[in-house]
Amino acid sequence: QVQLVESGGGLVQAGGSLRLSCAASGSIFSINAMVWYRQAPGKQRELVASITSGGRTDYADSVKGRFIISADDAKRTVYLQMNSLKPEDTAIYYCNVNLATFSSRTWYSNYWGQGTQVTVSS
């Protein structure tokens, strides 16, 4: 079994910052990539930022220069530092981890966190 626990969401004024965390635990053999998505009311879920096991990062154009994704391999935790927040960043943020478990070491699957609400007031 694999668990993803997110934290760090909340209410912040425009221009402020928040740091999201997502910790993976359980029978994890290997992690391939860790990704943050978000879903605003009435909109489709969109990719925000990703980081691979090799450290390569990628960002949605809408957050480039404002958000930073990082990971602590030892803690199996991915972070999303969100700066210069805008009202349009308001959404539920989900982490997604592509990983293989000890019971299936060559098969990678995606696991989702429960989501954390980020609200940016104007």
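## A hairpin to start with

Let's begin with two strands that sit side by side: β7 and β8 pair in the antiparallel sense, with six bridges between them. One of the matched pairs here is F67 with its bridge partner M82 in β8. Together β7 and β8 make a hairpin, and four residues separate the two strands. Look in that turn for R76, which has a positive phi of about 55 degrees. Keep in mind as you explore that this is a predicted model.

How much of β8 is buried? Five of its six residues are, so the rest of the structure largely encloses this strand.

## The four-stranded sheet

The hairpin belongs to something bigger, so to speak: an open sheet of four strands, in the order β1-β3-β8-β7, with antiparallel pairing. Which strands stand at the edges? Those are β1 and β7. Each has a single partner strand, so one side of each has no neighbour in the sheet. Going from one strand to the next, the twist averages 15 degrees.

Now walk across the sheet. Six bridges join β1 to β3, and these strands run antiparallel. Six bridges also join β3 to β8, again antiparallel. You can follow a little trail of residues here: V5 has A23 in β3 as its bridge partner, and A23 in turn stands opposite T77 in β8. While you're looking at strands, here is a handy rule: in a regular strand the side chains alternate between the two faces of the sheet.

## One disulfide

The structure holds one disulfide. Which residues form it? The answer is C22 and C95, whose sulfur atoms are 1.9 Å apart. The link is right-handed, with 40 degrees about the S-S bond. C22 lies in strand β3 (residues 18–26) and C95 in strand β9 (residues 91–101), so the pair ties together parts that are 73 residues apart in sequence.

Are these two cysteines buried or exposed? C22 counts as buried because its relative accessibility is 0%, and C95 is buried too, also at 0%.

## The nonpolar core

Next, look inside. The largest nonpolar core has 31 residues, and the ones that touch the most other members are W36, V48, F67, I69, L80, M82 and Y93. F67 and M82 may ring a bell, as they are the bridge partners from the hairpin.

Where do the core residues come from? The elements that give two or more of them include β1 (2–7), β4 (28–39), β5 (46–52) and β11 (116–121). The largest share, five residues, comes from β9. There is a broader pattern to remember: in soluble globular proteins, nonpolar side chains tend to be buried together.

## Two asparagines in β9

Strand β9 also holds N96 and N98. N96 counts as buried because its relative accessibility is 5%. N98 is buried as well, with a relative accessible area of 14%; the cut-off for buried is under 20%.

What do they touch, once residues up to four places away in sequence are left out? For N96, the contacts are A33, M34, V35, Y37, N110, Y111 and W112. For N98, they are S30, I31, N32, A33, Y108, S109 and N110. Compare the two lists and you'll spot A33 and N110 in both.

How values were computed. Residues are numbered from 1 along each chain as its sequence is written. This is a predicted model: local features need pLDDT of at least 70, side-chain atom pairs count only at pLDDT 80 or more; totals for chains, interfaces and linings use all residues. Side-chain values use heavy atoms; hydrogens and water are left out. A disulfide is a pair of cysteine sulfur atoms within 2.5 Å. Buried means under 20% relative accessible area, exposed over 50%, partly exposed in between (1.4 Å probe, protein chains only). A nonpolar core is a set of buried Ala, Val, Leu, Ile, Met, Phe, Trp, Tyr and Cys residues joined through side-chain atoms within 4.5 Å. Contact means heavy atoms within 4.5 Å. Two strands pair if DSSP finds at least two bridges between them. Axes are lines fitted to C-alpha atoms, for helices over the stretch in contact, and angles run from 0 to 180 degrees between N-to-C directions.
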